[in-house]
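Biologist: Before I accept any label attached to a model, I would like to hear the reasoning behind it. Could we go through the terms one by one, setting each value against its cut-off?

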Amino acid sequence: VLIVLTVSGEVPEEPVVSKKSGLLYEKRLIERHIADYGKCPVTGDPLTMDDIVPVKTGKIVKPKSLTAASIPGMLGMFQNEWDALMLSNFALEQQLHTARQELSHALYQHDAACRVIARLKKERDEARSLLAQAERQAPLPASAATANVSALSNGKRVSEDGDMGPGSKQMRPGVSESIIAELTECNAALSQQRKKHQIPPTLAPVDALERYTQLSSHPLHKTNKPGISSIDINLSKDIVATGGIDSSAVLFDQTSGVILSTLSGHSKKVTSVKFVAPSNVILSGSADKTVRIWQGSEDGNCDCRHILKDHTAEVQAITVHATNNYFVTASLDSTWCFYDLSSGLCLIQVEDPSNSMGYTSAAFHPDGLILGTGTTEATVRIWDVKSQGNVANFDGHTGSITAISFSENGYFLATAAHDGVKLWDLRKLKNFRSFELYDQDTPTNSVDFDHSGSYLAIAGSDVRVYQVGSVKAEWNCIKTLPDLSGTGRATCVKFGSDAKYLAVGSMDRNLRIFGLPEGDASMES
C-alpha cells in the first residue's frame, strides 16, 4: 500500500505523522517548515518537532512517471532531450565563433605591433646612419686638420665617404713611405713565423671531417629575397657574418645559436662581409656601389661609422690586410681601392685599363705584400701592393672568376670560376692541378683554405672538402656535403676554428653548420 503525502500528493521517502492533526508529511520538508514558521502547513496550528512521529514503512517502489509509461511519452521525452542537446551545441558553436574572433583580433594586433617595431628599428638604423654621417662631415679641430694635411685636394679635404660631387676629380694621398715600411715589417714578421709554422694539435683530423654532417640550419635572412652571397667567421669568438640578397648583413653566434645583430643600410644585395677581429669592426660591400665600416660594441649592436663611395659600380669583394689597419675593395668599375681602416680614407685607387668588365673577387696573400684579384674576363691578376703594379697574370679559366683563396703556406692559390677550380704554384707561376667538378651549367661559387692550410673547401651544387697535398702529391676529396637548401647552389663556404665546423650559405635564406655530431665530437675531444 502506498503512503501519499498530504501536501504534495507524492510518495514520501521518509514519512512522519503529526500527533495533533494526524497528517502525513515528508520529514525533511516538515522540519524546514517548522524551523521557519513553527506551525502546521495545513491546519495552521502551532507545531514542534516533538509533535512529529516517524512512520515505519517497507521499501517503497516509486511508480513510473506517466511520460515513461507509454511509447508516445518516451518519444516526447527523447525529443525534449534532443532539443536540449541541440541548444547546447548551438551555444558551444557561438562560444567557438566568439573565441575565433577574439583570437583573430589578437593576431592582428600582434602583427600590427611587429610592423610598428620593424618600422621603429628601421628609423633607428637610419637615424644612426645619419648621425654617423653628420659626425664625419663635422668640421675637424685644428690639430686633426694639421695631422691630415696629406689628404688635401685642391685646398679642400677629401671627404671620408669619397664623394666630392658629380664629375669631380679626386686626388688620392697615396701609399706613404711609412705605410710601405709598416707593410714590409709585417711581411717580414709573418714570413719568419711561417718558417716555424706547425700544424696545430687541435686541428680536426681527416677521419673527423669524413664524418661531418649537418648540425643546424638557421634562417637569418628575409624570405622575400632569399640567398646568402658571402660568409666570414671571427675565429676567436666563433661569430659568423653573412651577407644577404636582402641587402642586410647578419652577425650570428655559432656557439649559442643566437642572432647578435642585423646590419641594415645598404640598398642592394650585400656581396662581401669581412671581420677585422681585434678592433671589433665589420666591413660590408654591396651592389649599391658603397662600402660600410661598422663598429661593434659589447652589447652586440653595430654602428655604421663610414660610408665609402669611391666606386662607380658594384663592389664585389673586400679583403683585409694582415696588419688589420688597411683593406682593399674590388669593383666592377675595373678599379681596386686601398683604404686606411681607422679614417675610412681611400689612399689610392688603382685602375686597370686592360680590364674592361671589372673585378669579381680579391684576396691578400698571407704575407700582405701581394694582392690577388679575379676578373670577369676569366683572368687572375697578381699585384705588388707597395708599387700597385701588376706583376703576374693567370689565364686558363672559362667565365668570371667567382672566388680566390691563398693557402696559409704562401705557396698555393686556389681560384674558382664557371669551369671549376684551378690550383696555382706561386713560386713557378703556373697551374699544377684543376678540378672540373660540376656540369657546364653549374659554376663553382666559392673556395676556401682553412687557417692551417691543411684543407680546401669548394662550393658549387654541393660542398667538397679536399686534403691539401703538394704540387706532385694528390689532393684527395675526403668529404662531399650535399646542398640541403633544395636550390642546387651552395654560394659560399668557410672553415671554422681548427676546421671543427663548416659554415655554408646557399640561395635560400639559411646558414647551415656542418660538423661532427655531439656524441662523435665528445669522443673525438
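Biologist: What makes Phe 449 count as buried or exposed?

Modeller: This is a predicted model, and in it Phe 449 has a relative accessible area of 6%. Buried means under 20% relative accessible area, so Phe 449 is called buried.

Biologist: How do you know how Phe 432 and Trp 475 should be classed as an aromatic pair?

Modeller: A search of the whole structure finds 10 aromatic pairs. In the pair formed by Phe 432 and Trp 475, the ring centres are 6.0 Å apart and the planes make an angle of 50°. Centres within 6.5 Å qualify as a pair, and planes that are neither under 30 degrees nor over 60 degrees apart count as tilted, so this pair is tilted.

Biologist: Which parts of the chain does that pair link?

Modeller: It links distant parts, with Phe 432 in strand E26 (residues 430-435) and Trp 475 in the loop between strand E29 (462-467) and strand E30 (476-482), the two residues being 43 residues apart. Phe 432 has 15% relative accessibility and counts as buried, and Trp 475, at 3%, counts as buried too.

Biologist: Why is the pair of Phe 449 and Trp 475 given the name edge-to-face?

Modeller: The angle between the planes of Phe 449 and Trp 475 is 65°, with 6.3 Å from centre to centre. Since the centres need to lie within 6.5 Å and the planes over 60 degrees apart, both values meet the terms, and the pair is therefore edge-to-face. This pair also links distant parts of the chain, with Phe 449 in strand E27 (residues 446-449) and Trp 475 in the loop between E29 and E30, 26 residues apart.

Biologist: Which residues are linked into a cluster by ring pairs?

Modeller: Ring pairs join Phe 412, Phe 432, Phe 449 and Trp 475 into a cluster.

Biologist: What makes you say that Arg 427 lies over the face of Tyr 411?

Modeller: Arg 427 is placed at 4.2 Å from the ring centre of Tyr 411, and the distance asked for is within 6 Å. The term also needs CZ of Arg to be within 35 degrees of the ring normal, and Arg 427 is listed as lying over the face of Tyr 411.

Biologist: Let us turn to the strands. What makes E8 mostly covered?

Modeller: Of the 6 residues of E8, 6 are buried. Both faces are covered, with Ile 239, Ala 241 and Gly 243 buried on one side and Val 240, Thr 242 and Gly 244 buried on the other.

Biologist: How do you know that E8 pairs with E7 and with E9?

Modeller: At least two bridges are needed for a pair of strands. Strand E7 (residues 228-234) and E8 share 6 bridges in the antiparallel sense, with Ile 228 standing opposite Gly 244, while 5 bridges join E8 to E9, again running antiparallel, and Ala 241 has Leu 251 in E9 as its bridge partner. Both counts satisfy the requirement, so E8 pairs with E7 and with E9. The hairpin of E7 and E8 has 4 residues between the strands, and Asp 238 in its turn has a positive phi of about 55°.

Biologist: Which residue in the turn between E8 and E9 has a positive phi, and why is it called buried?

Modeller: The hairpin of E8 and E9 has 3 residues between the strands, and Ser 247 in the turn has a positive phi of about 70°. Its relative accessible area is 17%, and the limit for buried is under 20%, so Ser 247 is buried. Ser 247 touches His 266, Ser 267, Lys 268, Lys 269 and Val 270, leaving aside residues up to four places away in sequence.

Biologist: What makes E11 and E14 edge strands?

Modeller: The open sheet has 4 strands in the order E11-E12-E13-E14, with antiparallel pairing. Strand E11 (270-276) and strand E14 (302-308) each pair on one side only, and they are the edge strands. The twist averages 20° from one strand to the next. Within this sheet, 5 bridges join E12 to E13, and Ile 282 has Trp 294 in E13 as its bridge partner.

Biologist: Why is Cys 114 called partly exposed, and Cys 304 buried?

Modeller: Cys 114 has 36% relative accessibility, which lies between the limits of 20% and 50%, so Cys 114 is partly exposed. Cys 304, at 5%, falls under 20% and therefore counts as buried. The structure holds 0 disulfides.

How values were computed:
Residues numbered from 1 in each chain as written. Predicted model: local features only at pLDDT ≥ 70, side-chain atom pairs only at ≥ 80, totals over all residues. Heavy atoms only, no water. Buried < 20%, exposed > 50% of the residue type's maximum accessible area, 1.4 Å probe, protein only. Contact = heavy atoms within 4.5 Å. Axes fitted to C-alpha atoms, helices over the stretch in contact; angles between N-to-C directions. Disulfide = S-S within 2.5 Å.
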